[in-house]
Amino acid sequence: MKKLFVAATVLALTACTAPSEPQLTIAPTPVVSTQANAQGKSLSLESRDLRTAQFIAVVDSGRQNVQPLHATQNLRVTLEQALSRQLRSQGYVITQDSQGTMRLDILEAMINVKHSMMSHELNSKLQLQLVIESPTGKFVKRYSGKSERNGAMSASMGDMEEAMNSLITAVLKDIHSDPELNNYMQENL
């Protein structure tokens, strides 16, 4: 009986320390402006994750072996923080007491990975939508990006993280340099 108890205890402790599913660290680099052109215009910032699935990557190893991977932090929070930092560097004041609202909608964010022992293919997609509402009107625009990477051997977690982080950073640059968006915000906030 004592041996059975020891075996059950060891099994229970082993189950508690078993590694969890791997997760991707998503940490995009927002554009930090050197000049604040917004001159203290205020807006409130909200975000929604409208994706049907909450994982960030799907790894297909063949033979019907498909593994979904999640991000270490909530993707909606990560993107909202990056956009907030970018807007603040432009001179916008992010506050709840504003008549102007910017909403970030995450429509798609996915890395599809197909790999074998000898090669891998990463296809990343990102689609974001910005909705700006002010007393004078509404502005809606979608920003998207795609990237494809191929490499030798199987894809690593670092490969997947780099692919998505680079794609998000590129879309944030598009948002930052969009003259239509910047003009609307300057004139209506």
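Reader: Okay, contact means heavy atoms within 4.5 Å. Take contacts between residues at least 6 apart in sequence: what share joins residues at least 24 apart?

Author: 75% of them. Keep in mind that this is a predicted model.

Reader: Noted. What is the chain built from?

Author: Four helices and eight strands. Starting at the N terminus, the order is α-β-β-β-β-α-β-β-β-β-α-α.

Reader: How much of the chain is buried?

Author: Of its 189 residues, 41% are buried. The exposed surface comes to about 11,100 Å². Carbon and sulfur atoms supply 52% of that area.

Reader: On to the inside. How many residues are in the largest nonpolar core?

Author: There are 42. L83, L87, M102, M160 and I175 have the most contacts inside that core.

Reader: Why would nonpolar side chains gather like that?

Author: It is a general trend: in soluble globular proteins, nonpolar side chains tend to be buried together.

Reader: Which element gives the most to this core?

Author: Helix 3, residues 157-176, with eight residues.

Reader: And L83, what is it in contact with?

Author: Skip the neighbours within four places in sequence. Then L83 is in contact with L45, M102, L104, L130, L172 and I175. M102 and I175 are also on the list of residues with the most contacts inside the core.

Reader: Back to helix 3. How far does it reach?

Author: Helix 3 has 20 residues and spans 28 Å from first C-alpha to last. That is close to the 28 Å expected at 1.5 Å a residue.

Reader: Which of its residues are buried?

Author: M160, E161, A163, M164, N165, L167, I168, T169, V171, L172 and I175.

Reader: Now strands. How do strand 6 and strand 7 run, parallel or antiparallel?

Author: Antiparallel, with 14 bridges between them. Strand 6 covers residues 101-115 and strand 7 covers 119-134. A hairpin of three residues links the two strands. For one pair to find, T101 stands opposite E133 in strand 7.

Reader: What about strand 7 and strand 8, how many bridges there?

Author: 16, and these strands also run antiparallel. The hairpin between strand 7 and strand 8 has two residues. Look for H120, which stands opposite G151 in strand 8.

Reader: Which strands run parallel?

Author: Strand 1 and strand 4 do, joined by two bridges. Strand 4 covers residues 66-71. There, L24 has A71 as its bridge partner.

Reader: What does strand 3 do with strand 4?

Author: Strand 3 pairs with strand 4 in the antiparallel sense, over four bridges. V59 has Q67 in strand 4 as its bridge partner. The two strands form a hairpin with five residues between them. G62 sits in that turn, with a positive phi of about 85°.

Reader: G62 is a glycine. Which residue has a positive phi although it is not a glycine?

Author: Q39 is one, with phi at about 50°. You will find Q39 in the loop between strand 1 and strand 2. M153 is one as well, with phi near 65°. M153 lies in the loop between strand 8 and helix 3.

Reader: Q39 first. Buried or exposed, and why?

Author: Q39 is exposed, because its relative accessible area is 71% and exposed means over 50%. M153 is partly exposed, at 49% relative accessibility.

Reader: New topic: R51. Where is it?

Author: In the loop between strand 2 and strand 3. R51 counts as buried, because its relative accessibility is 10% and the limit for buried is under 20%.

Reader: What does the R51 side chain make a polar contact with?

Author: The side chain of D49, at 2.8 Å. Apart from residues up to four places away in sequence, R51 touches I56, L75, I106, L107, E108 and A109.

Reader: Last one, D178. Where does it sit?

Author: In the loop between helix 3 and helix 4. D178 counts as buried, at 7% relative accessibility. Its side chain makes a polar contact of 3.0 Å with the side chain of K141.

Reader: What else does D178 touch?

Author: Leave out residues up to four places away in sequence, and D178 touches K141 and Y143.

Notes
Residues numbered from 1 in each chain as written. Predicted model: local features only at pLDDT ≥ 70, side-chain atom pairs only at ≥ 80, totals over all residues. Heavy atoms only, no water. Core = buried A, V, L, I, M, F, W, Y, C linked by side-chain atoms within 4.5 Å. Buried < 20%, exposed > 50% of the residue type's maximum accessible area, 1.4 Å probe, protein only. Polar contact = N/O pair within 3.5 Å; in protein donor to acceptor, adjacent residues only side chain to side chain. Areas by Shrake-Rupley, 256 points an atom, 1.4 Å probe, with all protein chains shown as cover. Expected span 1.5 Å × (residues − 1). Pairing = 2+ DSSP bridges.
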